Amino acid sequence: MNKPNMEVTLGDVKLKNPIVTASGTFGFGREYGEFYDLSELGAICVKGLTLSPRQGNPPPRIAETPAGALNSVGLQNPGADAFILRELPWLRGHAVKVIANISGNTAEEYGVLAEKLSDAGVDMIEVNISCPNVKAGGLAFGTSPDSAALVTRTVRRHSRVPVMVKLSPNVTDITEIARAAAGEGADALSLINTLLGMRIDIRSRRPILKNNMGGLSGPAVFPVALRMVWQVKNAANLPILGMGGVASGEDAAEMMLAGASAVAVGTVCFSDPCAPLRIRRELEEYLHNEGVDSVSKLTGAVKPW
Amino acid sequence: MSVQRLCRITELSELGGGAFQLWFEAGEMAGLAQPGQFVHIQCGKERLLRRPISICGRRGDELRIIFDLRGKGTEWLSQRTAGECLDVLGPLGRGFRLAGRRILFVGGGMGTPPLLWAAQSVPEIAEAVLAFRCADRAILIGEFEAACEQTHITCDDGSLGAKGFAHEAAERLLAAGKAYDGICACGPRAMLKAVAETAARYEVPCQVSLEERMGCGVGACLVCACKTIGADGAEEYSHVCKDGPVFDAERVVWDE
């Protein structure tokens, strides 16, 4: 059998393979670009961007957990203008799709960011309404269907490129939010963002994170993410970028079977810098062994009882 | 440039004072490494995050690390045996800039090891102040004495060398009129702050090696933040893994 076809489409954006790097774990690509050619990836979701530069939260910003990590970076970034000026031209020098992740304090800010970044030539906008680590914006927009709809509508109106809305798992019913975004013209959904969590140092009786709480990622969240991707795929028939604890090609295959069109990897890169390429290779091997000629045939192919 | 590779452990032993030393075959990593840089080590499959540990020596293509038991990761590391392989990412970060006619290395406790390799790389201009909690915790004194022109020991409780803190020992040298082109310090944050203030008072450029809980180790995830003064004079968060671990002390904002 020939090599399987690894091309996928994510909300009208064609990716040469389904492996995407998750926003916030990959900077703007420069660091991991020293380990391998970024054009091997399907797409890069860049670090979350805001209108003005953000300092982020005080340290410590990370705590290890069983099979996971909590982080509270707090959207530290140089601002969208600096990204467009200093980072995007460099990224565009690689044959890889660029997805800009945006966060605003108001719906209008999301609109301005979408316009700036789509004009600047990114391939897709990922609307972050699910960051657990900032006070304004972020998660506040992602926990009610009305505000999710408002932000999606605003971004859709200002963006010249496909719009993907990133959903939070920290809600009672994720399908409500998914349907709200879908109803306002989202081209795709990405999920899940991190799960709110906490760790305490029992000697000092202080939370390990200076922000007290943070977002949980890593293999610990994988089953939760998988369940939510499956629920959302059934509730809103939009392409999904599935993420949350994916650490192997088998995990990626599960994500796609549950309903994802592409898969983002993040925390696993901290221990294995070349994980995205390893996961792509393992996924190819799985397809080969299963006699599947095209990776896109996995999407939603789970056979529920 | 940094690489990820499986590195065979050639030697693992207790150094006394609660410290362990580990030598490993580093291949091309050895030639790339500079004093003050660190390696990021996978400490067992069940632990998600690597552990950053300063490089503190080189012989041929082997690198040396020295660590104490901080938690489950370092405990796992201490239980390895020679011949086993470690998954190592490195060398990472910015090391010390070592130039001039005389450099004073000021180390506190487990902050002394990275300074040993730095001193060994400039033996003719190296002088050291080593500070420990007590005599039982003292490490590497003989090796510093072999590497440096002069080595001064101080302990918090006076059980070895002079009684007092690292910055007090450094200040005695400065007050006696000794001229240094730079001070390189590594140790607990409170010690680094005191050494930096002393160095500033005597107008000696000071570099400090900082620590913070770390994620990726390469500058992508932004978790190992430390507050510094940027080029524009405003405070900002730099990152220990990529902008450091060695910083110019005058740029560090100590009271966060």
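Cys131 of chain A sits in a loop, the one that runs between β8 (124–128) and α3 (139–142) of that chain. Please keep in mind that we are looking at a predicted model. I start with this cysteine because UniProt, in an unreviewed entry, places the feature "active site" at Cys131(A). Is Cys131(A) buried or exposed? Cys131(A) has 25 C-beta neighbours inside 10 Å, and the cut-off for buried is 20 or more, so Cys131(A) counts as buried.

Next, a helix in chain A. Helix α2 covers residues 107–120, which is 14 residues. From its first C-alpha to its last, α2(A) reaches 20 Å, close to the 20 Å expected at 1.5 Å a residue. Which residues of α2(A) are buried? They are Glu109(A), Tyr110(A), Gly111(A), Leu113(A), Ala114(A), Leu117(A) and Ser118(A). As for what they pack against, the partners in chain A are the helices α1 (80–92) and α4 (145–158), together with the strands β7 (97–102) and β8. You have met β8(A) already, at one end of the loop with Cys131(A). After α2(A) comes Gly121(A), and its phi is positive, near 105°.

Now the contact between the two chains. Chain A puts in 27 residues and chain B puts in 24 residues. On the chain A side, at least two residues each come from β5 (62–65), β6 (68–71) and α8 (268–271). Sorted by class, that side of chain A has 13 nonpolar residues, ten polar ones and four charged ones.

Last, chain B taken by itself. Chain B is divided into domain 1, residues 3–92, and domain 2, residues 102–251. How many Å separate the centres of these two domains of chain B? Taken over C-alpha atoms, the separation is 21 Å. The contact between them takes 21 residues from domain 1 of chain B and 19 residues from domain 2 of chain B.

Looking at the domain 1 side of that contact, five strands of chain B each supply at least two residues: β1 (3–16), β3 (38–41), β4 (51–59), β5 (62–68) and β6 (85–92). Of these, β4(B) gives the most, with six residues. By class, this side of domain 1 of chain B holds eleven nonpolar, seven polar and three charged residues.

To go back to where I began: the residue to find in the model is Cys131(A), which is buried and which the UniProt record marks as "active site".

How values were computed. Residues are numbered from 1 along each chain as its sequence is written. Chains are lettered from A and ligands numbered from 1 in the order in which they are written. This is a predicted model: local features need pLDDT of at least 70, side-chain atom pairs count only at pLDDT 80 or more; totals for chains, interfaces and linings use all residues. UniProt positions are given in the numbering used here, feature names are shortened, and annotations may be inferred rather than shown by experiment. Helices (H or I, at least four residues) and strands (E, at least two) are DSSP runs, numbered from the N terminus. A residue is buried if 20 or more other C-beta atoms lie within 10 Å of its own, exposed if 12 or fewer, and partly exposed in between; C-beta atoms are placed from the backbone. Two residues are in contact if their C-beta atoms, placed from the backbone, lie within 7 Å. Ala, Val, Leu, Ile, Met, Phe, Trp, Tyr, Cys and Pro count as nonpolar, Asp, Glu, Lys and Arg as charged, and the others, Gly among them, as polar. The expected span of a helix is 1.5 Å times one less than its number of residues. Domain bounds come from an automatic or database domain assignment.
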